[in-house]
Amino acid sequence: MRAGDQWRWCTTAGLLATVVYYLLPAGTLWSSAGYNTIGLLAGLIILVAVRWHRPQRPLAWILFGVGMILSVLGDFTWVYLERVQHVEPYPSVADVFYLASYPPLITGLFLLQRRRGRELGSLIDASMVATGLGLVLWVFVLHPVAAVDTASMLERAVSTAYPSLDALLLVMVAGLLIDRRLRTPSTDLLGVAAALLLVGDVAFSVASLYFDYSGRAIDWCWLMAYVLWAAAALHPSMTAATPDAPDVPDRVGRGRLVVLGGSSVLAPIMLFLPSVGADTVDRIVIAAGATMLFLLGVARMAGVMSKVRGQATELERLANQDDLTGLHNRRRFYRALGEALTDGCPQIVLMGLNRLRAINDELGHQVGDEVIVRIAERVRVLAGPDVLVARLSGDEFAVLLRDAPEGGADAVAARLADAVHDPINTRGYEVLVGAGVGVAGGADAADPAEVLRRAGVAMFAAKESGEPYRRWAPALDERSVEEARLGAQIRHALGERQFQVVYQPIVAMPGQRVAAVEALVRWHHPRLGMVSPARFIPVAERNGLIVELGAWILETACEQLVRWTAELGSDAPDRVSVNVSARQLARPGFAGTVADVLSRTGLPAHRLTVEVTETAVFDGGPAVTALHELRAFGVRIALDDFGTGHSSLGLLQAVPVDILKIDKSFVDRITEAGRHAVIAEAMIQVSNGLGLDAVAEGVETAEQAQALTRIGYRLLQGYHFGRPEAEPAFTRPAVSTRA
Ligand code: C2E
Ligand code: CA
Ligand code: CA
């Protein structure tokens, strides 16, 4: 017998036992014993099932078991009185047990239904059903029983107690069966059992009242009630009968509507019964019941209506609001901007955050979300009153100033740009966020999309130039048109071999041996002449062509060093440095590309240095992973333009670095006593301390070279030692430092 099947066996065995009971001769001790055995077993099975299944609320089931056993004790007592004492008193001690069995059953049923956040609606429904059926009970059972004149006070009290307790039981059963969410196979069995108990009780009262009933015709109701109650306890779903699920929506299904409607018409129907209509007390009770039903119905409707209204408002809110920040969303912003454009000349301020993706990747989305929420608060506060603030996408915020002068929008933009840089402390991190801010006005813009586009162009221009914010102007569009044209030409130039790689020496002091060269790309444009990498590299980065171009530069430079080594032997430079842009580095597979180039050209990995900027690796993520992979092959890594970016010692720990390239701006003023000289000196100490090489960039004069050598720099690079050339001279020392 599988554990899940016990309830079936129990039901089948109970059915058989009931049949056997009817086969035993009526009125004998055998039949009483059979009846009581079924009841006792049922009560005991419930108690045992509680130990087996260990439900979350065992108390309800223990109460059921106790109730059953009390009722069986009543039966035993009755048999004892009838068979042994040969008396049939009413009421008797048996009634004490019978009546005592109700409170545990009713309490148990109540406990099963009690839950957190129980819907008021279900409670009202259960009350409606109970009121309707209660009325029927009153008219046919309670009232007639109470009205029997011949009975003593005690007799009447007991006779009234049964149907009253049955009515209470009814409320509980109705509550259990009516609420879809409470229902499990186990509660269904319970409901049927309790209903059978009820039917038996009512049938017994009616039968004894109107027909002078004595016999066994009703016994099967009680017997099967016992059996099904035990089956409910055995059903595996009894453990799940703890309905703590208030969030499932309370739906008024068709079945429930029929039950509720039926309960509501019971009162008027009864008025049509001739015997009822004549009795004043009955009419008063029915009137009260009908009023009660009406009020409950109204309350139910009101509940449903207010819920529908609430849902409509919620929908409206969801459609126009950004969930995370509570700001308006893009849809709402678009609509408001459209309206503002038809009525006047609005201004918008658009702010795009810089490092959000990196923050999400590195610190987790919770921190990212927290950052967005904080920024949203700042924007809301700084934007001022009477403006619409929206979050347009993951990292974009917009402010709509409906009728502001241009200066007003500029002031907001300046405030936002200023405030966004304040560090955000969250979850133990101090997070720094940057942003670009763009401003655009509605003058001569046809639709919201155009205004937003302009603000976007301005925002990117601000990000690029590092200005706090930028107002859109037609020139900005021309620039992007120009950029698009240049981008297209880069692709063409790659095919036409318009690019060239030149090499600038990096010399070792003293002695000025060319220890390494830095590869720098040149573009010989057929019409524009020499285009500076400072101009086209950023364009290639933005349109993605840097990946292809970069791979070509890398391969060319490696080939070149292999060729020089073959030609010059030990006079050839030890290493070649190749610049790698942020976009190249962050692209998956970059390390693989480098490995391929090395194996194709035959250059040993340790002779290649990859130059990256601090900004490219500051965001962490795939760029840093790529560096670790390169490092693992033996490729050296140089941090370019050191001192101009985010320079932090923390970065040097997180990123594998071999060489620091001190930016030209520190070298320029090295000969003047002042801040720059101090910083340059501190930087060589840091790199010595960390065991890194340091290269001073942009050395243009002998004085600078001397000063740098004096404070400890061993590797120098700059026009003073050699300009970038296709074939630099490696054998002769370039220029004497002691000139
Ligand atoms: P960078 O990597 O900092 O390169 C150094 C730049 O300073 C080079 O300009 C070089 O010609 C110049 N320079 C070297 N010595 C001196 C000096 O003594 N005085 C002055 N005034 N300048 C000096 P270039 O070649 O125009 O490159 C500019 C930037 O373009 C580079 O800065 C680098 O960021 C980027 N770049 C150049 N070639 C490549 C490349 O192949 N790939 C990538 N991704 N970027 C490149
Ligand atoms: Ca460089
Ligand atoms: Ca540099």
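**Exercise 1. Burial of two glutamates**

Work out whether E518 and E611 are buried or exposed in this predicted model, and find which ion they help to hold.

*Solution.* Start with accessibility: E518 and E611 are both buried, and the cut-off for that label is under 20% relative accessible area. Next, look at what their side chains reach. The calcium ion (ligand 2) takes donors from E518 (OE), N579 (OD1), E611 (OE) and D640 (OD), at 2.1 to 2.3 Å. Now place the two glutamates in the fold. Strand β9 (residues 513–525) carries E518 and strand β12 (residues 608–613) carries E611, so the pair ties together parts that are 93 residues apart in sequence. Finally, read the donor residues along the chain: their spacing is E-x60-N-x31-E-x28-D.

**Exercise 2. The second calcium ion**

Which protein donors does the calcium ion (ligand 3) have, and which residue bridges this ion and the calcium ion (ligand 2)?

*Solution.* First list the donors: D640 (OD), D641 (OD), E697 (OE) and E697 (OE) lie 2.2 to 2.4 Å from the calcium ion (ligand 3). Notice that E697 appears twice in that list. Along the chain, these donors follow D-D-x55-E. Then look for the bridge: D640 links the calcium ion (ligand 3) with the calcium ion (ligand 2), and the two ions are 4.1 Å apart.

**Exercise 3. Two neighbours in sequence**

Decide for D640 and for D641 whether each is buried or partly exposed.

*Solution.* Take D640 to begin with: its relative accessible area is 8%, so it counts as buried. D641 has 27% relative accessibility and is therefore partly exposed. Both aspartates are donors to the calcium ion (ligand 3).

**Exercise 4. A buried aspartate without a salt bridge**

Find where D663 lies, what its side chain makes a polar contact with, and which residues it touches.

*Solution.* Begin with the location: D663 sits in the loop between β14 (659–662) and α25 (664–668). Then check for charge partners. D663 is buried but has no salt bridge, and the nearest side chain of opposite charge, K664, is 8.0 Å away. For comparison, a salt bridge needs the two atoms within 4 Å. What the side chain of D663 does have is a polar contact with the side chain of S665, at 2.8 Å. Last, leaving aside residues up to four places away in sequence, D663 touches D641, F642, T644 and E697. Of these, D641 and E697 are among the donors of the calcium ion (ligand 3).

Notes
Residues are numbered from 1 along each chain as its sequence is written. Chains are lettered from A and ligands numbered from 1 in the order in which they are written. This is a predicted model: local features need pLDDT of at least 70, side-chain atom pairs count only at pLDDT 80 or more; totals for chains, interfaces and linings use all residues. Side-chain values use heavy atoms; hydrogens and water are left out. Donors are N, O and S atoms within 2.8 Å of the metal (3.2 Å for Na, K and Ca); water is not among the atoms, so sites may look incomplete. Buried means under 20% relative accessible area, exposed over 50%, partly exposed in between (1.4 Å probe, protein chains only). Helices (H or I, at least four residues) and strands (E, at least two) are DSSP runs, numbered from the N terminus. Lys and Arg count as positive and Asp and Glu as negative; His and the chain ends are not counted. A polar contact is a pair of N or O atoms within 3.5 Å; within protein, one must be able to donate a hydrogen and the other to accept it, and residues adjacent in sequence count only if both atoms are side-chain atoms. Contact means heavy atoms within 4.5 Å.
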